[in-house]
Amino acid sequence: MKLLIQNGHVLDPLTGLDGICDVLVEDNRIQKVEKNLSAAGGRVIDASGCYVMPGFIDMHVHLRDPGFAYKETLETGGRAAARGGVTTMCAMPNTKPVTDTKEMVEELHRRAETECPVHVIQLGAITKGEAGEELADIQGMAEAGCHGISEDGKSLMNASLYRKAMRIAKECGISVFAHCEDITMVEGGVMNAGRKAEELGVKGITNSVEDVIAARDILLAKETGVRLHLCHCSTADSVKMIEAAKKAGLPVTGEVCPHHFILSDEDIAENNGRYKMNPPLRSPEDVEALREGLKNGIIDVIATDHAPHSVEEKNVPMEKAAFGIVGLETSACLTYTGLVEKGVLTPMQMAEKMSYHPARILGLEDKGSVSPGKIADLVIFDPVPEYKIDKNTFLSKGKNTPFDGYPVKGEVRYTIVNGNIIFGD
């Protein structure tokens, strides 16, 4: 298939291209990025007024497949990803059963090829069943292409076992994705500890719950040399620790989710499960620190922690609700509205944090760039439309978001995977 994208504002973090160009795609590769291209017999998209970026790579997604099909599947999660401009996503292993073997990683990759319209990288669990007692087959899962291991949804509290896992991951050349939460310190908390929790009469979760494990994991990464990626950072001290790790030359990266760089606990209007996520919405001071961390390059990645749940699991008070928020379909517009429009990031930095940096961290050399020879995974993003997020239009099975009715600017017009249009008219 031949596809020509004309007159778009191309953003390529790899080459630094930041201007109006045409992009010619043939089969599954980008062939040319130049002005005044033609494509006899091919499909033409007029991208005037739009940004043409490398397809977004979401490093933190819960597809709930297998085991929780009522929440999400490879197919529904893939359609949601396509609508949001996400062309590759890393699926967390806290499925049922837990993805903890080479065979399970291989099977999920095989299924994704036929069931999911976007690329899926299935991450592997650190321990068998995520029980924290015995290491999973890390080497086998690495051979199956997992790219990383994680106990996401919890932290591995056994530091000695975790260190052993890190050493194996280092030998296999894969990353450790860290969910930083000292479960012994949660103590029944359901939202950020502070004035708002007291006002709503619910138990709070302090920043130290995250910070203690972030510090531990960075120190273990220093000892083992493994690539460490801190998931869904939410505190000011997490940013400071990542900065210190980078200054020390450690292979440590971090991600922030849109809900954490836009909303604070002060935005929680009522005791309702749609505001319950892990880590929780923090203080306005933490939000500002996260935004500064993104702006100055300390935080490398914007990811979603897309965590779909049923209406019954979320439309209850926080004490009874499941943790989680969906984000695949809203991350681009929220990032553009909350960061680019406000001058925190440039459009090029948006492309870096949503595509280029994830590709580099994951070792995906053919992705994260709009340049000749790369895989034609692309997103065409229109920065002009203004509207309110409507959860009822989501393609994900999950509708659990506090952003329903939130005013945003910018939308994905087309998503292209392997040179094929998978979303757009």
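This report covers an annotated domain, a helix pair, the cysteines, some backbone features and one buried alanine in a predicted model.

## Annotated domain

An unreviewed UniProt entry carries the annotation "domain: Amidohydrolase-related". In that record, the domain covers residues 51-421. In the model, this span is 34% helix and 18% strand. The C-alpha atoms at its two ends lie 16 Å apart.

## Helix 6 against helix 7

Helix 6 spans residues 208-224, and helix 7 spans residues 236-247. The two pack at an angle of about 10 degrees. Their axes are 9 Å apart. Angles under 35 degrees count as roughly parallel, so helix 6 is roughly parallel to helix 7.

Helix 6 brings Glu210, Asp211, Ala214, Ala215 and Ile218 to the contact. Helix 7 meets them with Asp237, Ser238, Met241, Ile242 and Ala245. By class, the contact residues are six nonpolar, one polar and three charged.

## Cysteines

How many disulfides does the whole structure hold? The search finds zero. Cys172 is in no disulfide. For Cys172, the nearest cysteine sulfur belongs to Cys146 and is 8.1 Å away. A disulfide needs the two sulfur atoms within 2.5 Å. Cys172 is partly exposed, with a relative accessible area of 27%.

Why is Cys333 without a bond to Cys257? The closest cysteine sulfur to that of Cys333 is in Cys257, and at 15 Å it is too far for a bond. Is Cys333 buried or exposed? Cys333 is buried, because its relative accessible area is 4% and buried means under 20%.

## Cis peptide bonds

Most peptide bonds are trans. Two cis bonds ahead of prolines are described here. One joins Asp65 and Pro66, with omega about 10 degrees. Pro66 sits in the loop between strand 6 (56-61) and helix 1 (74-83).

Another cis peptide bond joins Asn278 and Pro279. Here omega is about 0 degrees. Pro279 is in the loop between helix 8 (258-262) and helix 9 (284-295).

## Positive phi values

Most residues other than glycine have a negative phi. Asn7 has a positive value, near 65 degrees. Where does Asn7 lie? Asn7 is in strand 1, which runs over residues 2-12. Asn7 is partly exposed, with a relative accessible area of 36%.

Asp27 is not a glycine, yet its phi is positive, at about 60 degrees. Asp27 is in the loop between strand 2 (17-26) and strand 3 (29-34). Is Asp27 buried or exposed? Asp27 is exposed, because its relative accessible area is 51% and exposed means over 50%.

## Ala91 and its contacts

Ala91 lies in strand 7, residues 86-91. Its relative accessibility is 1%, so Ala91 counts as buried.

Which residues does Ala91 touch, leaving aside those up to four places away in sequence? The list is Val61, Leu63, Val120, Ile121, Gln122 and Leu123. Ala91 and Val61 are 30 residues apart along the chain. Their C-alpha atoms are separated by 5.0 Å.

How values were computed: Residues are numbered from 1 along each chain as its sequence is written. This is a predicted model: local features need pLDDT of at least 70, side-chain atom pairs count only at pLDDT 80 or more; totals for chains, interfaces and linings use all residues. Side-chain values use heavy atoms; hydrogens and water are left out. Axes are lines fitted to C-alpha atoms, for helices over the stretch in contact, and angles run from 0 to 180 degrees between N-to-C directions. Helices (H or I, at least four residues) and strands (E, at least two) are DSSP runs, numbered from the N terminus. Angles under 35 degrees count as roughly parallel, over 145 as roughly antiparallel, 65 to 115 as roughly perpendicular and the rest as oblique. Contact means heavy atoms within 4.5 Å. Ala, Val, Leu, Ile, Met, Phe, Trp, Tyr, Cys and Pro count as nonpolar, Asp, Glu, Lys and Arg as charged, and the others, Gly among them, as polar. Buried means under 20% relative accessible area, exposed over 50%, partly exposed in between (1.4 Å probe, protein chains only). UniProt positions are given in the numbering used here, feature names are shortened, and annotations may be inferred rather than shown by experiment.
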